[in-house]
Amino acid sequence: MTHKIAVLAGDGIGPEIVEQALRVLHALGLSIQVEQALVGGAAYDEHGHPLPAQTLELAKSSHAILFGAVGDWKYDKLPREHRPEQAILGLRKALGLFANLRPAILYPELANASSLKPEVVAGLDILILRELTGDIYFGQPRGVRTAVDGSFIGEREGFDTMRYAETEIRRIAHLGFQTAKKRRSKLCSVDKANVLETSQFWRDIVIDVAKDYPEVELSHMYVDNAAMQLVRAPKEFDVIVTGNLFGDILSDEAAMLTGSIGMLPSASLNESGQGLYEPSHGSAPDIAGQGIANPLATMLSAAMMLRYSLNEDGAADRIESAVRQVLAQGLRTADIFEAGTTKVSTAQMGDAVLQALSKV
Ligand code: NAI
Ligand code: MG
């Protein structure tokens, strides 16, 4: 089967890092059909919209989307609906991308990049699964109103609604168990069930879904404790599944454990397994055009794409071991460079991964 991939490189370093990831994808010997389209600021400049209709159509008709990054300071004054970042929100919504997978991996060679002690984080390999389309970020009603109850009657108040439908909890829980099964079979569901009704309901449903996965070890943790455990003993986790709000915060915390934003991939999936794959970092306008950006997060995102949308686990493994090899060889882009290693450019990193790939 030919895999149809939409490639949306975007702005800033986006085109530079995506170019290297494409070289790697093409070297795998798979049947891949790649089609590129403009997104973000680049699309706004050309078509007056960050997510033009033809880009959205391409994304919808593809098995997976490889996304670079969007955004630049020069668009800061545009009205919100024309900002580059709106393209991601538009894609999430149009494709129903309800699940965000963010691995936090710290390769042993990069343990010094973390601000935590090497023994706490070296070899870290955990995955945060964040529900992406529900929770207090989207719950209605919301707004500013005049308070009619409590001790603030007559005052203005801001309010939002935390809510999760049973089907929303079930589908993210199923994905959590399935993802854990492919890894070390440990799933930790994070909530605030001691205080929030939504969370107690979440916990009840997760426990019910667990009956389908007796081989996965399920635990529950309150979000405040999870925030602590992530810095105290992060390697105790395998997969964490949580709602949109808690996941937003915990996934950023987990990313910082590794200290190398240029290394972290991400995936956003919908119910039919279609996905958007992008590095966790942004468009890095401060280093764009210099040929020094780290392309590894984008290559690792391509590996996730192979694993989660295209059912090509073997090819995903090959990319990941090639990345491990170039790190073991001591090659580093500027963002992860340290004394005793060899500094390379974006393209040289691509060359090295291609070389390593030919041997795995
Ligand atoms: P950023 O992640 O783009 O950059 C933060 C810092 O990390 C910068 O110093 C940058 O040079 C460095 N960095 C990031 N990726 C790197 C890489 N691959 N190699 C080497 N160094 C790297 O975040 P920032 O500066 O807050 O945002 C810049 C723009 O990106 C903004 O317009 C923002 O809205 C957008 N953005 C886009 C995202 C996306 O496309 N999904 C996500 C986050 C931000
Ligand atoms: Mg965030």
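Is Ser185 buried, partly exposed or exposed? The points below take up this question in its turn, together with the other features of a model that is predicted.

1. The domain assignment divides the chain into domain 1, made of residues 1–106 together with 263–360, and domain 2, which covers residues 115–258. Taken over C-alpha atoms, the centres of domain 1 and domain 2 are separated by 26 Å. The contact between them involves 16 residues of domain 1 and 22 residues of domain 2. On the side of domain 1 that touches domain 2, the largest share, seven residues, is supplied by strand β4 (residues 99–105), and by class this side has ten nonpolar, three polar and three charged residues.

2. The largest nonpolar core has 108 residues, of which Leu66, Leu129, Ile240, Tyr277, Met299 and Ala302 touch the most other members. Helix α10, which spans residues 296–308, gives the most to this core, with ten residues. Because domain 1 (1–106 + 263–360) and domain 2 (115–258) both give residues to this core, it lies between them.

3. Leu66 may serve as a way into the core for a reader who wants to follow it residue by residue. Setting aside residues up to four places away in sequence, Leu66 touches Ile5, Val7, Val18 and Ala21, and it also touches Tyr277, Ser301, Ala302 and Met305. Two of these partners, Tyr277 and Ala302, are themselves named among the core members that touch the most others.

4. The surroundings of ligand 1 comprise 22 residues, and those that come nearest are Gly71, Gly262, His281, Gly282 and Asn294. Sorted by class, this shell around ligand 1 has eleven nonpolar, six polar and five charged residues.

5. A separate matter is the annotation taken from the UniProt record, an unreviewed entry, in which "binding site" covers Asp224, Asp248 and Asp252. Asp248 is placed in helix α9, which runs over residues 244–258, and Asp252 also has its place in helix α9. Their exposure can be stated for each residue in turn: Asp248 counts as partly exposed because it has 17 C-beta neighbours inside 10 Å, while Asp252 is exposed, since 12 other C-beta atoms lie within 10 Å.

6. The UniProt record, again an unreviewed entry, also places the feature "domain: Isopropylmalate dehydrogenase-like" at residues 4–353. Over residues 4–353 the chain is 38% helix and 20% strand, and the C-alpha atoms at the ends of this stretch are 23 Å apart.

7. Some points of backbone geometry deserve a careful look. Gln140 and Pro141 are joined by a cis peptide bond, with omega at about 0°, and Pro141 is found in the loop between β5 (125–131) and β6 (143–146). Ser185 has a phi near 60°, which is a positive value in a residue other than glycine, and its place is in the loop between α6 (166–181) and β8 (186–191). As for the opening question, Ser185 is partly exposed, because 15 other C-beta atoms lie within 10 Å. Asn311 likewise has a positive phi, near 60°, without being glycine, and lies in the loop between α10 and α11 (313–328). Asn311 counts as partly exposed, because it has 14 C-beta neighbours inside 10 Å.

8. Ala180, which lies in helix α6, is buried, because 24 other C-beta atoms are found within 10 Å. Apart from residues up to four places away in sequence, Ala180 touches Ser185, Lys186 and Leu187, as well as Val216, Asp238 and Val239. The loop residue Ser185 of the preceding point is thus one of the partners of Ala180. Ala180 and Arg307 are 127 residues apart along the chain, and their C-alpha atoms are separated by 14 Å.

9. The last residue to consider here is Val360, which is found in the segment after α12 (346–357). Val360 is exposed, because 12 other C-beta atoms lie within 10 Å. Even so, leaving aside its neighbours within four places in sequence, Val360 is in contact with Arg318, Ser321 and Ala322. Val360 and Ala315 are 45 residues apart in sequence, and in space they are 9.8 Å apart from C-alpha to C-alpha.

Technical notes. Residues numbered from 1 in each chain as written. Chains lettered and ligands numbered in written order. Predicted model: local features only at pLDDT ≥ 70, side-chain atom pairs only at ≥ 80, totals over all residues. Near = placed C-beta within 6 Å. Nonpolar A, V, L, I, M, F, W, Y, C, P; charged D, E, K, R; others polar. UniProt positions renumbered as here; feature names shortened; annotations may be inferred. Helix = DSSP H or I, 4+ residues; strand = E, 2+ residues; numbered from the N terminus. Buried ≥ 20, exposed ≤ 12 C-beta atoms within 10 Å, placed from the backbone. Domains from an automatic or database assignment. Contact = placed C-beta atoms within 7 Å. Core = buried A, V, L, I, M, F, W, Y, C linked by C-beta atoms within 7 Å.
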